[in-house]
Amino acid sequence: MTRTSTCIYHFLVLNWYVFLNYYILQQEKDEQKSKIFQNGGKYKYLTFLNLFLQAIFYGVACLEDTLKRMKGKKDIKFVTAFRDLLFTTLAFPVSTFVFLSFWILFLYDRELVYPKLLDGIFPVWMNHAMHTFIFPFSLVEIILRPHCYPMKKKGLTLLAAASLVYISRIVWIYLKTGTWVYPVLAKLSAVGLAVFFSLSYVFSASIYLLGEKLNHWKWGDLGQSRKKKK
């Protein structure tokens, strides 16, 4: 894909995610629909956090595309490094985690993660926009351009820190309201919760390593060679 095509692609995907975030914002203004956002707001759900995260990432990608055309590669090293760090440690792992965990639980028992009552709030296309299309967009990004992965320890530590922050928020909401964000958590004992959260991190860490492998498979040592030059 040419540089111009890459710019256009990033711009279109950015606008898609901005639209999705705006659409969800409008649902909050509906008194009936806004009930699902009580006790923690919409960002208690990883799905909505991911949509916001993807909008930020593609915003940075568009900024990097623009600056690269204006100033050249050498003058925007910080922006490129931030773009790569954001994609490798958060954007790809989180979007893939949301995609896989949602559909695994949904196909097993949708009431554990996406009760039928939500069908009256979000149309089918929106469900797929939130939980399906996010994955192919991330795959295309890997195929589109190489990303410089950080040292494995650093990358997994950042992912662990982000996971801990989110889990802490979920537990805090439960302690404050007595209600779990996801129905599946209400069915688990204290030990079960510890195992569930631990396995969730292991799963997300595996996704991180998968992304690194896919990046290397597609681009070889290109990303690493860029890293060494910095």
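In the predicted model, histidine 10 is found in helix α1. The residue is buried, its relative accessible area being 0%. When neighbours within four places in sequence are left aside, histidine 10 is in contact with Tyr58, Ala61, Cys62, Asp65, Glu141, Leu144 and Arg145. Two of these partners, Glu141 and Leu144, are among the buried residues of helix α5. Phenylalanine 11 also lies in helix α1, which spans residues 3-28. With a relative accessible area of 48%, phenylalanine 11 is partly exposed, because the value falls between the 20% limit for buried residues and the 50% limit for exposed ones. Together with Ile8 and Leu12, Phe11 makes a nonpolar surface patch of about 310 Å².

Helix α5 covers residues 134-144, and its buried residues are Ile134, Ser138, Glu141, Ile142 and Leu144. These residues lie on the same side of α5, because the arc they cover around the axis is only 165 degrees. The packing partners of the buried residues of α5 are α1, α2 (46-71), α3 (77-109), α4 (124-131) and α8 (190-219).

Aromatic contacts were examined next. A search of the whole structure finds 23 aromatic pairs. One of them joins phenylalanine 102 and tyrosine 114, whose ring centres are 5.6 Å apart; their planes stand at 85 degrees, so the pair is edge-to-face. The angle qualifies because planes over 60 degrees apart count as edge-to-face. This pair links distant parts of the chain, with phenylalanine 102 in helix α3 and tyrosine 114 in the loop between α3 and α4, 12 residues apart. Phenylalanine 102 is buried at a relative accessible area of 4%, and tyrosine 114 is likewise buried, with a value of 4%. Elsewhere, ring pairs link Tyr17, Phe57, Tyr58, Phe87, Phe92 and Phe137 into a cluster. Of the cluster members, Tyr58 is also in contact with histidine 10.

Charged pairs were treated in the same way. The structure holds seven salt bridges. In one of these, glutamate 64 is paired with arginine 145, and the closest N and O atoms are 3.1 Å apart. The pair links distant parts of the chain: glutamate 64 belongs to helix α2, whereas arginine 145 is in the loop between α5 and α6 (152-177), 81 residues apart. Glutamate 64 and arginine 145 are both buried. Arginine 145 is also listed among the contacts of histidine 10.

A second salt bridge is formed by aspartate 84 and arginine 83, with 2.6 Å between the closest N and O atoms. Aspartate 84 counts as buried because its relative accessibility is 1%. Arginine 83, with a relative accessible area of 2%, is buried too.

Arginine 110 and aspartate 119 form a further salt bridge, the closest N and O atoms being 3.0 Å apart. The two partners are placed in separate exposure classes: arginine 110 is buried, with a relative accessible area of 16%, whereas aspartate 119, at 44% relative accessibility, counts as partly exposed. Salt bridges that share partners join Glu64, Asp65, Lys68, Arg83, Asp84 and Arg145 into one network. Within this network, Asp65 and Arg145 are in contact with histidine 10 of helix α1.

Technical notes:
Residues numbered from 1 in each chain as written. Predicted model: local features only at pLDDT ≥ 70, side-chain atom pairs only at ≥ 80, totals over all residues. Heavy atoms only, no water. Patch = residues over 30% accessible without salt bridge, like charges linked within 9 Å, V, L, I, M, F, W, Y side chains within 5 Å. Areas by Shrake-Rupley, 256 points an atom, 1.4 Å probe, with all protein chains shown as cover. Salt bridge = Lys/Arg side-chain N within 4 Å of Asp/Glu carboxyl O. Helix = DSSP H or I, 4+ residues; strand = E, 2+ residues; numbered from the N terminus. Buried < 20%, exposed > 50% of the residue type's maximum accessible area, 1.4 Å probe, protein only. Arc of directions from axis to C-beta. Contact = heavy atoms within 4.5 Å. Phe/Tyr/Trp six-rings, centres within 6.5 Å; stacked < 30°, edge-to-face > 60°.
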